[in-house]
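Work through the following exercises with the sequence and the structure side by side, and try each task before reading its solution.

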Amino acid sequence: MRNFVGGILLTLSVLVVGGLGYLLLGFAEVRGDLPPSRFEAAVLQRATHASVRREAPEVANPFSPTDENLIAGGKIYLNECSGCHGTPGKQREHAEVLFPQASDLPVVGTEYSEAQVFWVAKHGIRHSGMFANGLWDSDERLWKATAFIKRMKSLPPSVNAALAVKSNE
């Protein structure tokens, strides 16, 4: 039994030292113009989602999804978010410049809850290109943008019409 436990501890030690050596000796690819490996992308995506689920408090959006609030949120999204996350109804350009790529929200939506979207918008995500917008945007603006993001695939026609007029100006 003692040899068995010793073998497990030795194996774990080799794995930890080997992993640290791989990282600290510069073997990990860090160039921004190459996509991450499938393994790296999968691990980081799962870690990010798990962290957001753990960190973001589940609170209700204090701004109801009225047409007025959704239009305000849509304007914020179009001015501040669409450059990376895409504009509804338009082909996204240069999606490959961020690794991991920013979600094409008008196409795929989001699996995050509204509170989690707010938390991500406010605090950002390290090593992803996602800004900590809470440094310059108020909670009110972020909540309104969040309401728009969560509903952008099923907006009322009046909201779509109002935003179409704004984007054509």
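The exercises below concern a predicted model, and they go from the whole chain to single residues.

**Exercise 1. The overall build**

Task: Determine how many helices and strands the protein chain has, and decide whether the chain is as compact as a globule or more spread out.

Solution: Begin with the secondary structure, where the protein chain shows 8 helices and 0 strands, so that reading along the sequence gives the pattern α-α-α-α-α-α-α-α. Next, take the radius of gyration, which is 21 Å for the protein chain, whereas the globule rule gives 15 Å for 169 residues. Because the value of 21 Å is well over 15 Å, the chain is more spread out than a compact globule. The box filled by the C-alpha atoms can be set beside this result, as it is roughly 70 × 35 × 25 Å along the principal axes.

**Exercise 2. Surface and contacts**

Task: Find what share of the residues counts as buried, and what share of the contacts with a separation of 6 or more joins residues 24 or more positions apart.

Solution: Of the 169 residues in the protein chain, 28% count as buried. The area that the chain exposes is about 11,600 Å², and 60% of that area is supplied by carbon and sulfur atoms. Turning to the contacts with a separation of 6 or more, 65% of them are between residues 24 or more positions apart.

**Exercise 3. Two helices and their spans**

Task: Compare the reach of helix H1 and of helix H3 with the span expected at 1.5 Å a residue.

Solution: Helix H1 covers residues 2-24, which is 23 residues, and its first and last C-alpha atoms are 32 Å apart, close to the expected 33 Å. Just after H1 comes Gly26, with a positive phi of about 85°. Helix H3 covers residues 67-80, which is 14 residues, and it reaches 20 Å, close to the 20 Å expected. The buried residues of H3 are Asn69, Leu70, Ile71, Gly73, Gly74, Ile76 and Tyr77.

**Exercise 4. Rings and a charge**

Task: Classify the aromatic pair of Tyr22 and Phe27 by its geometry, and state which charged end sits over the ring of Phe63.

Solution: A search of the whole structure gives 4 aromatic pairs, and one of them is formed by Tyr22 and Phe27, with 6.4 Å centre to centre and 20° between the planes. Because planes under 30 degrees apart count as stacked, this pair of Tyr22 and Phe27 is stacked. As for the surroundings of the two rings, Tyr22 is partly exposed at 45% relative accessibility, while Phe27 is exposed at 56%. At Phe63, the charged end of Lys144 sits over the ring, 5.3 Å from the ring centre.

**Exercise 5. Two buried residues**

Task: Locate His49 and Gly86, and find which residues each one touches, leaving out those up to four places away in sequence.

Solution: His49 lies in helix H2, which runs over residues 38-55. With a relative accessible area of 14%, His49 falls under the 20% limit and is therefore buried. The contacts of His49 beyond four places in sequence are with Glu111 and Tyr112. Gly86, by contrast, is placed in the loop between helix H4 (82-85) and helix H5 (105-108), and its relative accessible area of 2% makes it buried too. Beyond four places in sequence, Gly86 touches Tyr77, Cys81, Arg92, Asp104 and Pro106. Leu23 is 63 residues from Gly86 in sequence, and their C-alpha atoms are 34 Å apart.

**Exercise 6. A positive phi and two distances**

Task: Describe the phi and the place of His127, then give the C-alpha separation of Glu55 from Phe131 and of Ala161 from Arg126.

Solution: Recall that most residues other than glycine have a negative phi. His127 is not a glycine, yet its phi is positive, at about 55°. His127 is placed in the loop between helix H6 (114-123) and helix H7 (139-151), and at 76% relative accessibility it counts as exposed. Glu55, found in helix H2, is partly exposed at 36%, and its C-alpha atom is 17 Å from that of Phe131, 76 residues apart along the chain. Ala161 belongs to helix H8, residues 157-168, and is partly exposed at 44%. Ala161 and Arg126 are 35 residues apart in sequence, with 35 Å between their C-alpha atoms.

Definitions and conventions:
Residues are numbered from 1 along each chain as its sequence is written. This is a predicted model: local features need pLDDT of at least 70, side-chain atom pairs count only at pLDDT 80 or more; totals for chains, interfaces and linings use all residues. Side-chain values use heavy atoms; hydrogens and water are left out. Rings of Phe, Tyr and Trp (its six-membered ring) pair if their centres lie within 6.5 Å; planes under 30 degrees apart count as stacked, over 60 as edge-to-face and the rest as tilted. Buried means under 20% relative accessible area, exposed over 50%, partly exposed in between (1.4 Å probe, protein chains only). A charge sits over a ring if NZ of Lys or CZ of Arg is within 6 Å of the ring centre and within 35 degrees of the ring normal. Helices (H or I, at least four residues) and strands (E, at least two) are DSSP runs, numbered from the N terminus. The radius of gyration is taken over C-alpha atoms; the globule rule is 2.2 Å times the number of residues to the power 0.38. Contact means heavy atoms within 4.5 Å. Accessible areas come from the Shrake-Rupley method with a 1.4 Å probe; for residues, only the protein chains shown count as cover. The expected span of a helix is 1.5 Å times one less than its number of residues.
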